Amino acid sequence: MSVLTVNEPEHRHIDGSERCLPGDRHDEPPRLTTTVPREYVHRASVAEVFLTSCTRIDETHFALTGQWPRAHTYFNSSDGRRHDPLQLAETIRQAGLCIAHAELGVLLGQHFVMWDLSWAAAPEQLGIGATPTDFAVDAVIATEGRKNAMTAKRRLEVTIRCDGRTAATGTSRFTCLTPETYRRLRGDTLSASPGPGPEEQPVRMDPAEVGRTLPSDVVLAPTDRPHCWLLAPDTRHPVMFDHAGDHIPGMVLLEAVRQASCALLGPAATLIPVQASTEFHRYVEFGSPCWIEATPMPDQPDGLAGFLVTGRQDGKTVFASSVSGPVAQY
């Protein structure tokens, strides 16, 4: 399971969509586009906030808007021509957090346990054009269990559209925990170190072997076991470790899934993860080796590759993921 948290205690409602367009009436001032509060999506940097509005339609339906930058430092394809499908995962994550804080009464300072995250993308809708990509999110949230219990599990279903066309669909399940509950759950791990310093990190894979271009984006180190790597992210990474925490963030695990898949494809080839489904079973702790193992999935449609990727720490499975998509050469 992946936990996301923020410590600010206040709560603020977000009104409807704000667009950089003149008002319909001459006496109305233009409504200007801004991001939602960074605290609502558990990000430290405003530059990493992709949502611009959140509106309640009814008790379970919500409409959100957002924008992906043209040249993100991390969520771009290696050739810079399309948005990275992992940006969809981050958008789904942000949508669930924003709705919970803005519309469901979940206070800032409470903790989110993510149990699973899945998406299916239309890669032809993820191209980068001459301007940033505006998108709309149709979201439905259903509560599993007692409706008013903060420990009830919520299921989020989203459809992301660009220019009116479906770019992706996705689902996620999460639980909200009070700080007191979280402290009881985590115990001594709350004081865990964020990992070894740069001088203590193992030598990571070459970026070209795992579908990346920058060494700082690589999260895997080689081992002497076939199809197995050591999870070794740079905890100073400005996007993957944008906010402080007591465990490895879920987005790092999703990147490990992609990189392990690319490593099986060989150098100069990268998987475009247009479909993925991940279950988070346990927290991935700092200070203990986490082994990433990948195996190919047979019987994929022509032009697609698929992989099963698992993470194991202290002899236990911490997450399991299936991922598939076309293979790009670069």
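Helices here are DSSP runs of H or I with at least four residues, and strands are runs of E with at least two, both numbered from the N terminus.

**View 1. Fold of the predicted model.** The model shown is predicted. Its secondary structure consists of 3 helices and 14 strands. Among the contacts with a separation of 6 or more, 67% join residues that lie 24 or more positions apart.

**View 2. Interior and surface of the protein.** The protein has 330 residues, and 50% of them are buried. The accessible surface amounts to about 15,100 Å². Carbon and sulfur atoms hold 53% of that surface.

**View 3. The second largest cavity.** The protein contains 4 cavities of 30 Å³ or more. The second largest has a volume of about 80 Å³. Its lining is formed by 10 residues, and those closest to the cavity centre are Arg 93, Gly 96, Leu 97, Met 114 and Phe 174.

**View 4. Elements around the second largest cavity.** Two or more lining residues come from each of α1 (86–103), β4 (111–121) and β7 (165–177). The most are given by α1, which contributes 4 residues to the lining.

**View 5. Residue types in the lining of the second largest cavity.** By type, the lining residues are 7 nonpolar, 2 polar and 1 charged. Arg 93, Leu 97 and Phe 174 are among the lining residues closest to the centre of this cavity.

Conventions: Residues are numbered from 1 along each chain as its sequence is written. This is a predicted model: local features need pLDDT of at least 70, side-chain atom pairs count only at pLDDT 80 or more; totals for chains, interfaces and linings use all residues. Side-chain values use heavy atoms; hydrogens and water are left out. Buried means under 20% relative accessible area, exposed over 50%, partly exposed in between (1.4 Å probe, protein chains only). Contact means heavy atoms within 4.5 Å. Accessible areas come from the Shrake-Rupley method with a 1.4 Å probe; for residues, only the protein chains shown count as cover. On a 1 Å grid over the protein atoms alone, a cavity is a set of points where a 1.4 Å probe fits but cannot get out, and a pocket is an open set with protein on both sides within 12 Å along at least five of seven lines; lining residues have an atom within 4 Å of a point. Grid points are joined across faces, edges and corners, and a volume is the space filled by probe spheres set on the points. Ala, Val, Leu, Ile, Met, Phe, Trp, Tyr, Cys and Pro count as nonpolar, Asp, Glu, Lys and Arg as charged, and the others, Gly among them, as polar.
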